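This report looks at how the parts of one protein model meet, and then at its charged side-chain pairs.

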Amino acid sequence: MKPPSVHAIIVAAGAGLRAGGGLPKQYRRVGGAPLLRHAVMRLQAHGGIDAISVVINPADRALYDAAVAGLGLGEPVAGGATRQQSVRHGLEALAASPPDLVLVHDAARAFVPDAMLDALLAALADNDGAVPALTVVDSLRRGDTHYRAAVDRDGLFRVQTPQAFRYAALLAAHRAAADGATDELAIAMAAGLNVAVTPGDERAFKVTEPQDFAKAEAMLSADSPTAYASRAASGFDVHRFGPGDHVWLCGVQIPHTHGLIGHSDADAGLHALTDALLGTISAGDIGDHFPPSDARWRGAASDQFLAHAATLVRAAGGIIDHVDVTLICERPKIGPHRAAMRQRIAAILGLALPQVSVKATTTEMLGFTGRSEGLAAQAMASVRLPLKD
Ligand code: MG
């Protein structure tokens, strides 16, 4: 029998400003990548989820595109005015080719362990829905400025996401629901669905307050041997000067007395950086991926080489922490173009500006760069890769 198809909807349409940082929390970086990116990659890593769609505020489209670059997601779904409406939009977007099962998840819970997902999906064999929950261990009191009545914590749960349902049942429940539901559980219960409780996990905590980012950062820390291993690798490239009136360096076109000779656009800066990124995952060099013998790459813009290397790093679960390029030449002068180069590299790699460094040096008129016969570039990339067990 064919296993049921599973689709995950990640709701990322909220303003989420309570966590600070001046932008919606799902787009704030933790461990070098936006929170939303961690949430998507965590579900992709489980292996039992066939497809993921994300519901966003269309005004955040540029943030979304940068956050999920290279992860292979389709078009995002436009959210509504409330979380309930956003989930409804996400569900309706699947109606034309419905999955058997659906997970509804919050982007702010980015670190859901596999065991929690396994338990949710297993529970749907016998139930319309399943919701992860944790027991309450702290004592509870009701009150305002002073404590009032004690609240019995027996039978109380803290409910987490993702919440899992048979798709057709949840869609029908949403279509019948009144406004104002807090989550899928409330809507499912109102519709009389049978919903099981499965084990939650403290690691699936919701990033809400500013201090939660410090907690998430600690979980992803490079010093945490259980999470990631750091990798650094270098790249080096040389191109010869020839006739022409401009060069391409680090993705920026610079007027010059000469051009650079090469099969592609001869952007030594991007070529060195592409090799450095490929080095972090031991994936060979630029010539293996884009052979000079292939006519497709004649005169090609080198940003696509760099973007491809970044896609490979991210497909391996990698987080790019920092890149650094040094251009070695007497001319052209690099200083006036350095800011534009950093911006261009940041855009190609989906990084923030502080994660990109561009430097330049001469060789004191010595050697081939000193005689302006050619130009050299070296680069270093620092990446975190998940430890495989
Ligand atoms: Mg080259």
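Buried area is the accessible area, taken with a 1.4 Å probe, that two parts lose on being put together, summed over both. In this predicted model, the area buried between domain 1 and domain 2 is about 720 Å², with carbon and sulfur atoms giving 52% of that area. Arg29, Gly31 and Met41 supply 45% of what domain 1 buries against domain 2, more than any other three residues.

The domain assignment places domain 1 at 6–219 and domain 2 at 228–386, and their C-alpha centres lie 39 Å apart. Contact involves 9 residues of domain 1 and 11 residues of domain 2. Between the two domains the count of salt bridges is 0, although 2 residue pairs are in polar contact across the interface. On the side of domain 1 that touches domain 2, helix H1 (residues 35–46) gives the most, with 3 residues; by class, that side has 3 nonpolar, 4 polar and 2 charged residues.

The structure as a whole holds 15 salt bridges, including those tabulated here.

| Pair | Closest N to O distance |
|---|---|
| Asp65 and Arg61 | 2.9 Å |
| Glu92 and Arg175 | 2.7 Å |
| Glu373 and Arg371 | 2.7 Å |

Glu92 lies in helix H3 (residues 83–92) and Arg175 in helix H5 (residues 167–176), so this pair ties together parts that are 83 residues apart in sequence. Asp65 and Arg61, by contrast, are 4 residues apart in helix H2 (residues 61–67), and are therefore separated by about one helical turn; together with Glu75, Arg61 and Asp65 are linked in a network of salt bridges. Glu373 is partly exposed at 39% relative accessibility, whereas Arg371 is exposed at 53%.

Methods: Residues are numbered from 1 along each chain as its sequence is written. This is a predicted model: local features need pLDDT of at least 70, side-chain atom pairs count only at pLDDT 80 or more; totals for chains, interfaces and linings use all residues. Side-chain values use heavy atoms; hydrogens and water are left out. Domain bounds come from an automatic or database domain assignment. Contact means heavy atoms within 4.5 Å. A salt bridge is a side-chain nitrogen of Lys or Arg within 4 Å of a carboxyl oxygen of Asp or Glu. A polar contact is a pair of N or O atoms within 3.5 Å; within protein, one must be able to donate a hydrogen and the other to accept it, and residues adjacent in sequence count only if both atoms are side-chain atoms. Helices (H or I, at least four residues) and strands (E, at least two) are DSSP runs, numbered from the N terminus. Ala, Val, Leu, Ile, Met, Phe, Trp, Tyr, Cys and Pro count as nonpolar, Asp, Glu, Lys and Arg as charged, and the others, Gly among them, as polar. Buried means under 20% relative accessible area, exposed over 50%, partly exposed in between (1.4 Å probe, protein chains only).
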